[in-house]
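Subject: A structure for you to look at

Hello,

Here is the structure I promised to pass on to you. Please open it alongside this email, and then read on for what turned up in it.

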Amino acid sequence: MHSTSFSSDVLLTMGTNLFMAMLILITGPLSARILGPEGRGELAAIQLWAPFLSIPIMLGLPAAVVYYAARERENAGIYTLSSMVLNCAAALLILPLAYFLLPLLLRAQNPATIVAAQRYLLLFIPIQMLSILPASTLRGMNELFWWNFFRILPNVVWLLTLLLGLFLGHTYATWFAFVYLGFLFLHAIPRLLVLRRRITGPFRPRAAAARPLLKFGLPSLTGSIFSNLNLRLDQMLMAALIAPELLGLYAVAVAWSNAVGPVVQAIGQVLYPRVAAQTTARRQAETMVQGAHLGVIVAVGVTIPVMLLTPLAIPLLFGPAFVASVPVSLVLVAAGLFNAIKIVLQEGALGLGSPKAVLAGEAVGLLFTALALALLLRPLGIMGAAIASLLGYLATTGVLLLQVSRLIRIHALTLLVPTRDDFALLRRKAHHLWRSLAAVPSS
């Protein structure tokens, strides 16, 4: 089933993530400079709730599709189409309620921004359904070239949207939000066409697939809700309580802190289907440990230079108006270290067939985040929100570490702490990659 090595898949995905991060480093400052703090805050408010409200509609089925496509590739088409049918049913029930909740959730924003967020939600949900499930299937089938290719496109179309707006002289957040949605819809169609060509088995829904999909998906759904609340609760509360200028400063700090994640996320993104596809518990444990150790090494190795660059990079990239984001960014970069390790552990737990382990970790983390926000947001403002994120990610990582170590029956420190062999293997892989690149004849 898997014709490529774990390290090759990680390098492919890591390269994709780095390219995406490079695009974000371009689009983040560009959007901030085009819109300014207030306009950037309005854009954040418009786009904030739609991805989160899509989670209950998706029913946790993207995670389930990855798992079953990895274990039963011949039935990948059945699981994909069955999931789409289930998502359509959920959308009919949840979307109207979500639409009417938005004015309450965004009450600190102006009426035009709230209306734009409602319309954005109605268009975003069907586009999300058409995009996420085919991508999940490609990932589960280990079709990582196509999966990575389609992951890049949203970042590319966001850059195109910003450049088009800059060329036409637009400075309104709503224009950028809806032109971006139009590009997203166009990019969803090729995903379906590629998936149909890659699937060799039946490509139709089947009622019998609903039960295993929901059995795996619903715990994943709850874990995803908690995970996204951990990720976005700070911005959600600020969108309801504070002015757009402060939300814009915090959005920039969040964007910069995301520089830690892309490289480490590649390990988890490959680890999930790789662990799920293993046929014995011993091989699953070995793959899990290998991925966890690699994740820790890379997370620490990326966080240190990002932390050192933060005071210089924020004003240079985003402009002098965002210099107040620097202290908050430093705290969020530290939070990003634990978030990156958490993602590797989460993906491994899903590959082990245990979405409940993810749920437990995210539930504890959300509790810490919520308590910290309640205590720190009003007295410390955006710095309090950053500290709350740090505490939440730290708690989630600790619980997941214990859960995964229990699943594979090894000590938590053995799972967390890399060995000399891990560093030696990493050096050999890097040396091999360097020699391979050096051997390519120049044009």
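A word on naming before the details: helices here are DSSP runs of H or I with at least four residues, numbered from the N terminus. Please also keep in mind that this is a predicted model.

**The chain as a whole**

The protein chain has 15 helices and 0 strands. Its C-alpha atoms fill a box of roughly 55 × 55 × 50 Å along the principal axes. A compact globule of 443 residues would have a radius of gyration near 22 Å, and the 21 Å of this chain agrees with that. Of the 443 residues, 57% count as buried. Among contacts with a separation of 6 or more, 84% are between residues 24 or more positions apart. As for the outside, the accessible surface comes to about 19,300 Å², and carbon and sulfur atoms make up 70% of that surface.

**The nonpolar core**

In soluble globular proteins, nonpolar side chains tend to be buried together. In this model the largest nonpolar core has 143 residues, and Tyr-250 and Leu-415 touch the most other members. Helix α1 (residues 6-58) gives the most to this core, with 21 residues.

Leu-415 is a good place to start looking. Leaving out residues up to four places away in sequence, Leu-415 touches Met-288, Val-289, Ala-292, His-293, Leu-345, Leu-401, Val-404, Ser-405, Ile-408 and Ile-410.

**Salt bridges**

Side chains of opposite charge can pair when their charged atoms come close. The count for this model comes to 6 salt bridges.

Which residues pair with Glu-286? One partner is Arg-282, whose side chain meets that of Glu-286 in a salt bridge with an N to O distance of 3.1 Å. Both residues lie in helix α10 (residues 281-318), 4 residues apart, which is about one turn of the helix. Another partner is Arg-283, where the closest N and O atoms of the salt bridge with Glu-286 are 2.6 Å apart. Arg-283 and Glu-286 are separated by about one helical turn, because they are 3 residues apart in helix α10. Accessibility varies within this group: Arg-282 has a relative accessibility of 60%, so it counts as exposed. Arg-283, at 36%, counts as partly exposed, and Glu-286 is also partly exposed, at 32%.

A further salt bridge joins the side chains of Glu-362 and Lys-342, at 3.3 Å from N to O. This pair links distant parts of the chain, with Glu-362 in helix α12 (residues 355-380) and Lys-342 in helix α11 (residues 326-351), 20 residues apart. Are these two residues buried or exposed? Both Glu-362 and Lys-342 are buried.

There is also a network of salt bridges that links Arg-73, Glu-143 and Arg-198.

**A buried threonine**

Thr-137 sits in helix α4 (residues 111-140). Its relative accessibility is 0%, so Thr-137 counts as buried. The side chains of Thr-137 and Thr-80 are joined by a polar contact of 2.6 Å. Apart from neighbours within four places in sequence, Thr-137 is in contact with Val-65, Ala-69, Ala-76, Thr-80, Leu-195 and Ile-199.

**Two residues with positive phi**

Leu-59 is not a glycine, yet it has a positive phi of about 60°. You will find Leu-59 in the loop between α1 and α2 (61-71). With a relative accessible area of 15%, Leu-59 is buried, because the cut-off for buried is under 20%.

Arg-409 also has a positive phi, near 60°, in a residue other than glycine. Its place is the loop between α13 (382-408) and α14 (412-416). Arg-409 counts as exposed, because its relative accessibility of 78% is over the 50% cut-off.

Where might you begin? You could display Leu-415 with its listed contacts, and then turn to Glu-286 with Arg-282 and Arg-283.

Enjoy looking around, and best wishes.

Conventions
Residues are numbered from 1 along each chain as its sequence is written. This is a predicted model: local features need pLDDT of at least 70, side-chain atom pairs count only at pLDDT 80 or more; totals for chains, interfaces and linings use all residues. Side-chain values use heavy atoms; hydrogens and water are left out. A salt bridge is a side-chain nitrogen of Lys or Arg within 4 Å of a carboxyl oxygen of Asp or Glu. Buried means under 20% relative accessible area, exposed over 50%, partly exposed in between (1.4 Å probe, protein chains only). A nonpolar core is a set of buried Ala, Val, Leu, Ile, Met, Phe, Trp, Tyr and Cys residues joined through side-chain atoms within 4.5 Å. Contact means heavy atoms within 4.5 Å. The radius of gyration is taken over C-alpha atoms; the globule rule is 2.2 Å times the number of residues to the power 0.38. Accessible areas come from the Shrake-Rupley method with a 1.4 Å probe; for residues, only the protein chains shown count as cover. A polar contact is a pair of N or O atoms within 3.5 Å; within protein, one must be able to donate a hydrogen and the other to accept it, and residues adjacent in sequence count only if both atoms are side-chain atoms.
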